[in-house]
Amino acid sequence: MSQPTPNSHGSPRQNDPAIRLLEKALLAAPEDWETRGYLLRHSIAVGDWARARALLTAAPCPATTEDDLLAQAKVEAEEDGDVAIRTLTALLERNKACAQAYLQWAEVLRGQGRHEEARKKYGAATLLNETLSTPDWEAWLTNTMPAPLPSVPPPKTAQTEYSVEAVTAEEIQAAVRDATEPAVPPITFKDIGGMTEVIERIRMNIIYPFKNPGVFQKFNRAAGGGILLYGPPGCGKTHIARATAGECRATFLSIAITDVLSKWTGESERHLHDLFETARRQAPAVLFIDEIDAIGMNRHDAGSSSSPLVNVLLTEMDGIAADNTNLMVLAATNSPWRVDNALRRPGRFDRVLFVPPPDAVGRAAILEISLRGMPHESLDLQKLAKQTDRFSGADLRAVVTRAAEQAILTEMQTGRESRLTQRMLTETIALMRPSTTEWLETARNYASYANRSGFYDELAAYLDR
Ligand code: ATP
């Protein structure tokens, strides 16, 4: 395995002030895997294996995220491939579709001279994610593997050549099941700051029909249907979908369309259908489809295989072939302009709702929610709200998290109890930029020049305020 080497003037780690700062922060909070994981990956990138090993050994709690476990396995593989394989197996038990884990596994096996097994794992990795295929591996396969018997027709693509037992249809189905495993939604509208208009419309379209089916049936309105949420990232689309399910005590199933597309090319339509079937079986259910734009994204590209998915989605939503009573579909996108036109036509989603960045009242409420349970002095939230124009909900959460890190550091350094102060929050805000600005600038063009159908009316009204 070729690894980068540290530069000859000493470890790059020692020369990098940002890394030094992170190491200090890690000393103060050794259980913080976000920092440890970052340092671990950095050490691997610069080839500082001793440091990487030290970071692993000193961890007071195990890694849990996919990225951290992959980094851990990389370091372990340097010393003992079997230990790395154990970590990768544990990771794959949680996510059978983790292509990178299969690739690392293949690398370990190749290093151990277990060529046939390595070939299968590599096949699994590239089957799940063809961008992982590398010239190095392809050359190795050509040179190491025996040529196919003359009677066997030559494989046409990497996918057919390596469509191996390693990833069986059952395993893929299990991965879909895992990804859509219903979870009890832990939040309700009480956990949402601001968004009063969106909440009101969701109440009318989802909550009330769920709770008072009789009244709605009298007026020919059944519970169920579809709502498309669009807006800048981090402004609460996922959060509100989850809270909606919590409000109606419905099952919440969530999937990002990109998962279906990238992992199960060719099988995507069946899996989308399976997903709807699962949701119907568990009704009342809220099925949340994130990144809906990706479903029709390649429609105009030659050779695209995703356009049939749009038709499957429309058929499933129409409920012609199956009963969609008590099934609500919430879809979300940050790029409404990339959503397939067929999906944007009226009648496909009953409502299209713009989820804007929170206003001042909403920002104060989100800050208050984010501060729940944390020690802090008496705060002027209105003032903080004024300083955070165009900050998204996620930005505001980050403000609190970063300011809290400061308070933690202070407590660790002084040994005295610390709490969040107005000043810490204000200083953190001054260092941050709202993440919605760029989105709003792009969106302005669409609202001004591509709104003949009225699709962007709400967005246009917001921008004109
Ligand atoms: P993306 O488009 O990037 O998926 P999103 O619009 O779905 O983003 P969320 O994932 O729902 O945004 O929000 C990110 C996080 O920000 C949430 O987990 C939540 O902690 C916080 N947040 C966002 N909006 C709100 C809100 N209105 N009230 C409380 N918390 C919020």
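Trainee: Where is Pro284 found in this predicted model?
Mentor: Two elements bracket the residue. One is strand S3 (285-290), and the other is helix H16 (268-281). Pro284 is in the loop between H16 and S3.

Trainee: Which residue does a cis peptide bond join to Pro284?
Mentor: Look at the bond's omega, which is about 5°. That cis peptide bond joins Pro284 to Ala283.

Trainee: What is the phi of Met195, and which elements flank its loop?
Mentor: Start with the phi. Met195 is not a glycine, yet its phi is positive, about 55°. As for the loop, it runs between helix H11 (169-179) and H12.

Trainee: Now the ligand. Which residues come nearest to it?
Mentor: The shell around the ligand has 17 residues. By class, six are nonpolar, seven polar and four charged. The ones that come nearest are Lys237, Thr238, His239, Asn334 and Arg397.

Trainee: How far is an oxygen atom of the ligand from the side chain of Lys237?
Mentor: Take the backbone partners before that. A backbone N or O atom of Cys235 lies 3.2 Å from a ligand oxygen, and a polar backbone atom of Ala394 is 3.3 Å from a ligand oxygen. For Lys237, the partner is an N or O atom in the side chain, and the distance is 2.8 Å.

Trainee: What share of the ligand's exposed area does the protein bury?
Mentor: Begin with the ligand taken alone. It exposes 630 Å². The share of that area buried by the protein is 80%.

Trainee: Which elements give two or more residues to the shell around the ligand?
Mentor: Think of domains before elements. Domain 2 (189-354) and domain 3 (360-430) each give at least three residues to the shell. The elements that give two or more are helix H14 (237-247) and helix H21 (393-414).

Trainee: On to pockets. What is the volume of the largest pocket, and which residues are closest to its centre?
Mentor: The volume is about 780 Å³. The lining has 21 residues. Closest to the centre are Leu22, Ala25, Thr35, Arg402 and Glu405.

Trainee: Which element gives the largest share of that lining?
Mentor: Helix H2 (17-28), helix H3 (33-45), H21 and helix H22 (422-431) each give two or more residues to the lining of the largest pocket. The lining divides into 11 nonpolar, five polar and five charged residues. The largest share is eight residues, and it comes from H21.

Trainee: Why does the largest pocket lie between two domains, and which are they?
Mentor: Follow the lining. Both domains give residues to it, so the pocket lies between them. They are domain 1 (12-134) and domain 3 (360-430).

Trainee: How much space lies in the second largest pocket?
Mentor: Its lining draws at least three residues from each of domain 2 (189-354) and domain 3 (360-430). By class, that lining has 12 nonpolar, three polar and eight charged residues. The space in the second largest pocket is about 530 Å³.

Trainee: Which residues are closest to the centre of the second largest pocket?
Mentor: Helix H12 (196-211), strand S5 (351-354), helix H19 (360-370) and helix H24 (457-464) each supply at least two lining residues. The lining has 23 residues. Closest to the centre are Pro356, Pro357, Asp359, Tyr462 and Arg465.

Note on methods
Residues numbered from 1 in each chain as written. Predicted model: local features only at pLDDT ≥ 70, side-chain atom pairs only at ≥ 80, totals over all residues. Heavy atoms only, no water. Near = heavy atom within 4 Å. Polar contact = N/O pair within 3.5 Å; in protein donor to acceptor, adjacent residues only side chain to side chain. Areas by Shrake-Rupley, 256 points an atom, 1.4 Å probe, with all protein chains shown as cover. Helix = DSSP H or I, 4+ residues; strand = E, 2+ residues; numbered from the N terminus. Nonpolar A, V, L, I, M, F, W, Y, C, P; charged D, E, K, R; others polar. Domains from an automatic or database assignment. 1 Å grid on protein atoms, 1.4 Å probe; cavity = no way out; pocket = protein on both sides within 12 Å on 5 of 7 lines; lining within 4 Å. Points joined across faces, edges and corners; volume = space filled by probe spheres on them.
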